[in-house]
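Biologist: Hi! I'm new to this one, could you walk me through it?
Modeller: Happy to, let's put it on screen.

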Amino acid sequence: MDAKRIDIGKINPSAYKPIFELYNTLKTSTLTPSEFSLVQIRASQINGCAYCIQLHIKDAIESGEKQYRIHALSTWKESPFFTKEEQLILEMTEDVTNISVHGLRDELYKNAIEHFGKQKVADIIMGICCINVWNRIGRSTLLTPIPSQD
């Protein structure tokens, strides 16, 4: 395996720009910082992107997220630590991240629209899509997590 791969941000910075713009838009969307962090961490776990997992866990902790919730995130369905809203968002995250399995199921989509409304559902879907783009960049270019300086 080639340990050193291309840095797309340096080779084609104009391709990175709209992804950063989307990410920055989502940080000020209807998603709370905690909800956005949960989406980013859970999708990154599913996709196996070590770089993104570390980055978003670090950011979540710095923003006040509780470590016991982060530790329970991979088993959120069995955990009592997530609200009904967060569970709905996490279920959507799994469906959209694993889109080839059965898509975003109709019942889940309808439940989300009823619970959150169209604007927040749009923000949730775009948040999931955004982290999936970053995960695919991270995995295909073998981005390496950097140890925390803490």
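Biologist: Is Lys17 buried or exposed?
Modeller: Lys17 is exposed, as its relative accessible area is 51%; exposed means over 50%, buried under 20% and partly exposed in between, with a 1.4 Å probe and protein chains only. This is a predicted model, where local features need pLDDT of at least 70, side-chain atom pairs count only at pLDDT 80 or more, and totals for chains, interfaces and linings use all residues. Residues are numbered from 1 along each chain as its sequence is written, and side-chain values use heavy atoms, leaving out hydrogens and water.

Biologist: Which helix is Lys17 in?
Modeller: Lys17 sits in α2, residues 13-27. Helices here are DSSP runs of H or I with at least four residues, numbered from the N terminus.

Biologist: New topic: which residues of α4 are buried?
Modeller: Cys52, His56 and Ala60.

Biologist: Why do they line one face of the helix?
Modeller: Seen down the axis of α4, they fall within an arc of 60°, so they line one face; the arc is that of the directions from the helix axis to the C-beta atoms. An α-helix has 3.6 residues a turn, so residues three or four places apart point the same way.

Biologist: What do those buried residues pack against?
Modeller: The buried residues of α4 pack against α2, α3 (33-47), α5 (67-72) and α9 (118-140), where contact means heavy atoms within 4.5 Å.

Biologist: And what comes just after α4?
Modeller: Gly64 does, with a positive phi of about 105°.

Conventions. Helices (H or I, at least four residues) and strands (E, at least two) are DSSP runs, numbered from the N terminus.
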